[in-house]
Amino acid sequence: MYCIPPIEHILKEELSLSHAQASLLYSGPILVIAATSIPAGLLTDRIGVRKAAGIGAIILAAGSALRATATDSISLLTFTFVYGVGLGWVFPNLPKLVSLWTPRERVGAVTSLYTAGLYCGPALALALTVALVLPMTGTYQGIFLVWSIPAIIASAMWWIFVREPGRQKLIHDNANKGGVNFRAIFRNKNLWLLSTVALLHFFVFYTWTGWSPTLLMLKGASASQAGFISSITIWTSIPVVLLMPKISSKVRLRKPLIWGPAIGFVVAMLLAINISPTLGWLPMALFGFADAVLFVTLLTMIVEITNSRQVGIATGVLWTLGHVGGFIGPLAGGYILDSTGDIRLSLIMLIIVSSALIVVASRLPETGK
């Protein structure tokens, strides 16, 4: 998914697309995630995480590889949606895995570990797509083929090595399979507040990562430089998510780890508007630090505000609303660029959304110790 932003200008030219249309190739999977997260959460709660995530991994790998066969924008978008279905089946399983396999006091540490993996892929794609993969393959289809290989390997490894949670926890889970209490879930005010935080956060994050290379190129950076500088956002996030358990245990609170990063987003946007490409790493690093802190806290809190039987569907609700924001944000950024030719207006939009995120975060319950 993250190999799209560095080659947006190539896809735009070869497929005769507007900026808004090109953004669909990046944000399309995000829309599909929003549509499939709740069904995926229900499936997870019914058949178990190994099967549910494994099915998603196969669909993800297939859609990713099929993109390499696309010859026009319609086929590429279609296969991108298939890939998005796979993502939608995989994502809600991650907190579910943590809730079933991990003692409550270790939730933060394990969440940080798998979140580091979620950041490594985008960082590599942003940094290497133009600098290494494009010269090696020569076409955008070749880029998609190369980046489908990790998905295929991960899918195979999942089915070979991963097992269901321990027998005692499965017995406990099966004992509760009489049905999910939807009324309790959808009346959970804290879940809706947290899901709104996810919507605003994903709106900001996907817009920032999707349009950062274009922002830097419009400021004078080469495509290779823009991809590498943009990847600093993700590289900065990786050590932060690994340190988050220690950070969280020292702070002993959750809410400041959400509204504080939102303030960091605002500062990063202001820097990005006014700074030169040579100093572009600074707002990228600041945004990456803030995003990592907020994202891990979000994933930790969804486990803390729901019981383990309902984590799958609750995560589906959060993922659905979150990825609605993640789809709208990049599309709005592309529309603004098409209409005005000034990408800085998109950053002003993100400042407004980040400010709203601060307000909503202040209404969350405190689930820290």
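These are my notebook entries on the pockets, cavities and helix packing of a predicted model.

**Entry: the largest pocket**

I began with open space. How much volume does the largest pocket have? I get about 1,500 Å³ for the largest pocket. Its lining runs to 46 residues, and those closest to the pocket centre are L87, V90, F91, G117 and L118. I then asked which elements give two or more residues to this lining. The list reads α3 (49-66), α4 (73-90), α5 (93-101), α6 (107-137), α7 (140-161), α10 (189-218), α13 (281-304) and α14 (311-340). The top contributor is α6, with 11 residues. Sorted by class, I have 34 nonpolar, 10 polar and 2 charged residues around the largest pocket.

**Entry: α5 against α6**

Since α6 gives the most to the pocket lining, I looked at its packing next. I noted the usual frame for myself: two packed helices are described by the angle between their axes and the distance between the axes. For α5 and α6 the axes come within 10 Å, and they cross at roughly 150°. That angle is over 145°, so α5 counts as roughly antiparallel to α6. I wrote the crossing down as right-handed. On the α5 side the contact is made by L94, P95 and V98, and on the α6 side by V107, V110, T111, Y114 and L118. What is the split by class in this contact? It comes to 7 nonpolar and 1 polar, with no charged residues. I also recognise L118 here from the pocket, where it is among the residues closest to the centre.

**Entry: α6 against α13**

Next I took α6 with α13. Their axes come within 10 Å and cross at roughly 130°. Angles over 145° count as roughly antiparallel and 65 to 115° as roughly perpendicular; this one falls in neither range, and α6 and α13 are therefore oblique to each other. The crossing is right-handed. From α6 I listed V107, G108, T111, S112, Y114, T115, L118 and Y119 in the contact, and from α13 D291, A292, F295, V296, L299, T300 and V303. This contact has 9 nonpolar, 5 polar and 1 charged residues. Going back over my lists, I see V107, T111, Y114 and L118 in the contact with α13, and these four also appear in the contact with α5.

**Entry: α2 against α4**

I wanted a pair without α6, and picked α2 (19-47) and α4 (73-90). How do the axes of α2 and α4 cross, and within what distance do they come? They come within 6 Å and cross at roughly 35°. The crossing is right-handed. On α2 I noted L24, L25, G28, P29, V32, I33, T36, S37, P39, A40 and L43. Facing them on α4 are L76, L77, T80, F81, Y83, G84, V85, L87, G88 and W89. By class this contact divides into 15 nonpolar and 6 polar residues, with no charged ones. L87 caught my eye in the α4 list, as L87 is also one of the residues closest to the centre of the largest pocket.

**Entry: closed cavities**

Then I turned to enclosed space. How many cavities of 30 Å³ or more are there? I count 4. The largest holds about 70 Å³ of space. Its lining is T207, W208, W211, S212, L215, I343, S346, L347 and L350. The elements with two or more residues in it are α10 and α15 (344-361), and α10 gives the most, with 5 residues. I sorted this lining into 6 nonpolar and 3 polar residues, with no charged ones.

The second largest cavity has about 60 Å³. I find I4, P5, E8, A22, S23, Y26, G210, W211 and P330 around it. Here α2 and α10 each supply at least two residues, and α2 gives the most, with 3. The classes are 6 nonpolar, 2 polar and 1 charged.

One cross-check: W211 is in the lining of the largest cavity and also in that of the second largest. I also marked α10 as a contributor to the largest pocket, the largest cavity and the second largest cavity.

Technical notes
Residues are numbered from 1 along each chain as its sequence is written. This is a predicted model: local features need pLDDT of at least 70, side-chain atom pairs count only at pLDDT 80 or more; totals for chains, interfaces and linings use all residues. Side-chain values use heavy atoms; hydrogens and water are left out. On a 1 Å grid over the protein atoms alone, a cavity is a set of points where a 1.4 Å probe fits but cannot get out, and a pocket is an open set with protein on both sides within 12 Å along at least five of seven lines; lining residues have an atom within 4 Å of a point. Grid points are joined across faces, edges and corners, and a volume is the space filled by probe spheres set on the points. Ala, Val, Leu, Ile, Met, Phe, Trp, Tyr, Cys and Pro count as nonpolar, Asp, Glu, Lys and Arg as charged, and the others, Gly among them, as polar. Axes are lines fitted to C-alpha atoms, for helices over the stretch in contact, and angles run from 0 to 180 degrees between N-to-C directions. Angles under 35 degrees count as roughly parallel, over 145 as roughly antiparallel, 65 to 115 as roughly perpendicular and the rest as oblique. A crossing is left-handed if the near helix is turned anticlockwise from the far one by less than a right angle, and right-handed if clockwise. Contact means heavy atoms within 4.5 Å.
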